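Student: I've just opened this one and don't know where to look. Can we go through it together?

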2 protein chains.
Amino acid sequence: MSYSIGEAAKMVGLTAHTLRFYDKEGLLPFVKKTSSGLRAFTESDIEWLKIIECLKGTGLPLKQIKQYIDWCMEGDSTIPQRLNMFIEQKKHVEEQKAKWEKHLAKINFKIKYYEDAAKHGDLNVFDRHPELLKEKNKLFED
Amino acid sequence: MSYSIGEAAKMVGLTAHTLRFYDKEGLLPFVKKTSSGLRAFTESDIEWLKIIECLKGTGLPLKQIKQYIDWCMEGDSTIPQRLNMFIEQKKHVEEQKAKWEKHLAKINFKIKYYEDAAKHGDLNVFDRHPELLKEKNKLFED
DNA sequence: GCTTGACTTAGAGTTAACTCTAAAGATTAA
DNA sequence: TTAATCTTTAGAGTTAACTCTAAGTCAAGC
């Protein structure tokens, strides 16, 4: 059993347009067509789409995702490259997580700041809570 | 004391081109110019740039960052909107963090998979470790 | 005073990732 | 069998966020 492009799109949360675009970009060399020319997505193809989504979701550009797909199509000789790519991507994700953590601390500070401002209707927050100034400087110092 | 556009750019890890672009887009209404027309960034302006970087770094589009800046320029009456924006952005960051956590689990699985593949020089990983199949299906089930 | 490098503007060009259109062919349900 | 709803292609258009160019102005060091 297989799925039409519309069904496949719905299953992975993309549009049929986007899947065709990916195909055109060479990201879906594994997708076969019926005798009348319609794309037929298998369960295995859906798995591929999920891996693509995972890599895209962690910020890997489509070009590099294509590189990975190409390695997969090339065979066992590219296993080291693929392993390396995932190790690099793991590193990238962990760096991003750290960055987001820092940004979140700043956002939390701003929420605290504006909550006080909203309570009093003005921005004299540091007059009311001088200790917050040190906290702010620490958060934004780099 | 104030900084030239090049100095300011270096301080926040952007280019002078990008700062001019931000200015053109209305993100830097607070930056004043010298009598001869050169932008002069104050310490306070650098703080603004860091907040912009924080919001941009958590995925807020420049248009919405401009909206925030506009609110700031408008005065105390927009404090509730600004508070609300940061609360929304906090929510967004936390959703993203959860998403990245899921992607990371998939990437870690792939690393495990390709490490075994690399060790044996082939992709018969699930023949050697049938229990990994269940793990894979759990990770990619949604 | 002169050179060198940074700065100014307006505006054009780039890149990634879609997003949509048109015209034609395929599939499904009544 | 016919209408409605897919799907196909090629190719144009869009959006966000830069990125660069040209032609001229300004500032700092010798």
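What follows is a short chat about how the chains meet and how a DNA strand is held in this predicted model.

Student: How many residues does each chain bring to the contact between chain B and chain A?

Tutor: Keep in mind that the model is predicted. Chain B and chain A bury about 4,000 Å² between them, with 71% of it on carbon and sulfur atoms. As for the residues in the contact, chain A gives 42 residues and chain B gives 42 residues.

Student: Which residues of chain B lose the most area to chain A?

Tutor: We're looking at the chain B side of the contact, which takes in 42 residues. Three residues there together account for 18% of what that side buries. They are Trp100(B), Ile107(B) and Tyr114(B).

Student: How many salt bridges are there across the interface of chain B and chain A?

Tutor: Let's start with an example: the side chains of Lys97(A) and Glu101(B) meet at 3.2 Å, N to O. That falls within the 4 Å cut-off, so the pair counts as a salt bridge. Across the whole interface, the rule finds 4 salt bridges.

Student: Which helix gives the most to the side of chain B that touches chain A?

Tutor: Across that interface there are also 12 residue pairs in polar contact. Helix H3 (43–57), helix H4 (62–74) and helix H5 (79–120) of chain B each give two or more residues to the side touching chain A. By class, that side has 18 nonpolar, 7 polar and 17 charged residues. The top contributor, with 25 residues, is H5(B).

Student: Now the DNA. Which part of DNA strand D do most of the atoms within 4 Å of the protein belong to, sugar or phosphate, or bases?

Tutor: Look at some side chains first: a polar atom of Lys33(A) sits 2.4 Å from a phosphate oxygen of DNA strand D. Tyr22(B) has a side-chain N or O atom 2.6 Å from a phosphate oxygen of the strand, and for a polar side-chain atom of Ser36(B) the distance is 2.8 Å. Of the strand's atoms within 4 Å of the protein, the share belonging to sugar or phosphate is 72%.

Student: And which helix supplies the largest share of the surface near DNA strand D?

Tutor: In total, 19 residues surround the strand, and Ser4(A) and Arg20(A) are among the closest. They divide into 7 nonpolar, 6 polar and 6 charged. Helices from both chains supply at least two residues each, including helix H1 (5–12) of chain A and H4 of chain B. The largest share, 4 residues, comes from H2(B).

Terms used. Residues numbered from 1 in each chain as written. Chains lettered and ligands numbered in written order. Predicted model: local features only at pLDDT ≥ 70, side-chain atom pairs only at ≥ 80, totals over all residues. Heavy atoms only, no water. Contact = heavy atoms within 4.5 Å. Buried area = accessible area lost by both parts, 1.4 Å probe. Polar contact = N/O pair within 3.5 Å; in protein donor to acceptor, adjacent residues only side chain to side chain. Nonpolar A, V, L, I, M, F, W, Y, C, P; charged D, E, K, R; others polar. Near = heavy atom within 4 Å.
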